[in-house]
Amino acid sequence: MSAATRRLANIAARRAAGERSGITSVCSAHPLVIEAALRHGVARNADVLIEATCNQVNHEGGYTGMTPAGFRGFVEARAQKVGFPVDRLIFGGDHLGPNPWKHMAATAAMKNAAAMIDAYASAGFTKMHLDTSMACADDPPVLADETIAARAAELAAIAEAAVERAGGEKPVYVIGTEVPVPGGALEALDHLHVTAPDDASRTVEIHARAFSRAGLDDAFARSVGVVVQPGVEFGNTEIVPYAPAKATELVAVLDRMPQFVFEAHSTDYQSAEALNALVRDGFAILKVGPWLTFALREALYGLSHIADVLAPDPSREGLPVAMERIMLASPDNWQKYYPGTPDEQRVQRHFSFSDRIRYYWPTPDAQHATRKLLNVLGDKDIPRPLISQHLGLLDADVAAGRVRPVAHDLLIGSITGVLDIYADATGQ
């Protein structure tokens, strides 16, 4: 086990010893987000945990077109480019289960999930979130806890066998799930509930039995996290902040489960104070994704407005206009998530906290539009007044010399601002 994975495996013990032990889980495949995370790791001398979801990266390519081995190669190439030591990289798989194939019968969906987790384990991913909570086509609407745990154990057995075959590192596991499943909150957030303490305990107990029945006691001993809902979420325009008082009883459960910390999903857009409180209370693995690409989109749109000032060209299509055209031509990734009038949907397409525009950046049209913008700006210094006007959050960093006033560095700086908040909270 690498030193980085060993530190993750010991996260609960370090917390019990009084250490502020937490880690940020970067959930994105955008090249600039990956670069920013790795540069941030160099600057902080910290481990970097990068996770791919089952929909994003799988044995069939996912929506990024990358297999787990391809994703690992993609990230490692960028690590080499920025001088980040690959032995401090932790690769994780998120929501590993039948979700991408839940429209199929359970047998077929689980066969695909098994092929996917085999690919993740064979590629050297050492953090596996097993999530088999979703009902497949021939399942009842809500699965029994025992069924969920048995399917998770089935996938863990595949991962263990793949590691034995490939001769790689044995992974650590995260169990449990949260609402919503990958894709974002579809419902109103006014009825969001913190996970009941008994439900968290039951999740661990039932998974322990299922793993044991499958002869996987050693694998379960490497389980480090339980996914729960601490009472945080975000929608298109609203953020539900962490309220420690509401999670007191849930947090107390960790005293009875010394092997585990909690993994919190949907922590995007929480305040620095809220993230600090989450880590203090044992939500030691903090997932972040949309906030990073939201910050990237803010900077890209700001640069587009700056380009219009510095190099006006009525014939040039601005980036926001290009992205509107691209999203309208392929509405599947936003339409069912953004209710309201056409004007309300237009605003959400570009500015929603759920940031479904992130699914469009990998498309050839969006990449072409982004390259055109960056070619206009080149590597020339951008005047401070324009940075203040259109990229105000970065003005202080530019003034202090922490960020160069050039397009690429301003994009990285925008993402880094979010990563800094998480690093300060986790103690990295």
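These are my notebook entries on a helix, a cavity, a histidine and the nonpolar cores of a predicted model.

**Helix α3**

I began with helix α3, residues 31-44, and checked its length against expectation: at 1.5 Å a residue its 14 residues should span 20 Å, and I found the end C-alpha atoms 20 Å apart, which agrees. I then looked up which residues of α3 are buried, and noted Leu32, Val33, Ile34, Glu35, Ala36, Ala37, Leu38, His40 and Gly41. For what covers these buried residues, my list includes the strands β1 (23-26), β2 (48-53) and β3 (89-96), together with the helices α4 (68-82), α11 (290-310) and α17 (407-426). Following the chain just past α3, I came to Asn45, which takes a positive phi of about 55 degrees.

**The cavity**

I next looked for enclosed space, and the count came to 1 cavity of 30 Å³ or more. The volume of the largest cavity is about 140 Å³, and of the 14 residues lining it I recorded Thr24, His40, Asp47, Val48 and Gln428 as the closest to its centre. The elements that give two or more residues to this lining are β1, α3, β2 and α17, and α3 gives the most, with 4 residues. His40 thus appears in my notes both among the buried residues of α3 and among the lining residues closest to the cavity centre. Sorting the lining by character, I obtained 8 nonpolar, 4 polar and 2 charged residues.

**The nonpolar cores**

Which residues touch the most other members of the largest nonpolar core? I found that, of its 122 residues, Phe71, Leu303 and Met323 do so, and that the largest share of this core, 11 residues, comes from α11. Apart from it lies another core, of 14 residues, among them Ile23, Ile90, Val261 and Ile285. I set beside this the general tendency of nonpolar side chains in soluble globular proteins to be buried together.

**Met323 and His350**

I followed Met323 further and, leaving aside its neighbours within four places in sequence, listed its contacts as Tyr301, His350, Ile357, Tyr360, Trp361 and Ala366. That list led me to His350, which lies in helix α13, residues 342-351. Is His350 buried or exposed? I noted a relative accessible area of 8%, and because this falls under the 20% cut-off, His350 counts as buried. Its contacts, with neighbours within four places in sequence again left aside, are Arg297, Tyr301, Pro320, Met323, Glu324, Met327 and Ile357. Comparing the two entries, I see that Tyr301 and Ile357 are in contact with Met323 and also with His350.

Terms used: Residues numbered from 1 in each chain as written. Predicted model: local features only at pLDDT ≥ 70, side-chain atom pairs only at ≥ 80, totals over all residues. Heavy atoms only, no water. Expected span 1.5 Å × (residues − 1). Buried < 20%, exposed > 50% of the residue type's maximum accessible area, 1.4 Å probe, protein only. Contact = heavy atoms within 4.5 Å. 1 Å grid on protein atoms, 1.4 Å probe; cavity = no way out; pocket = protein on both sides within 12 Å on 5 of 7 lines; lining within 4 Å. Points joined across faces, edges and corners; volume = space filled by probe spheres on them. Nonpolar A, V, L, I, M, F, W, Y, C, P; charged D, E, K, R; others polar. Core = buried A, V, L, I, M, F, W, Y, C linked by side-chain atoms within 4.5 Å.
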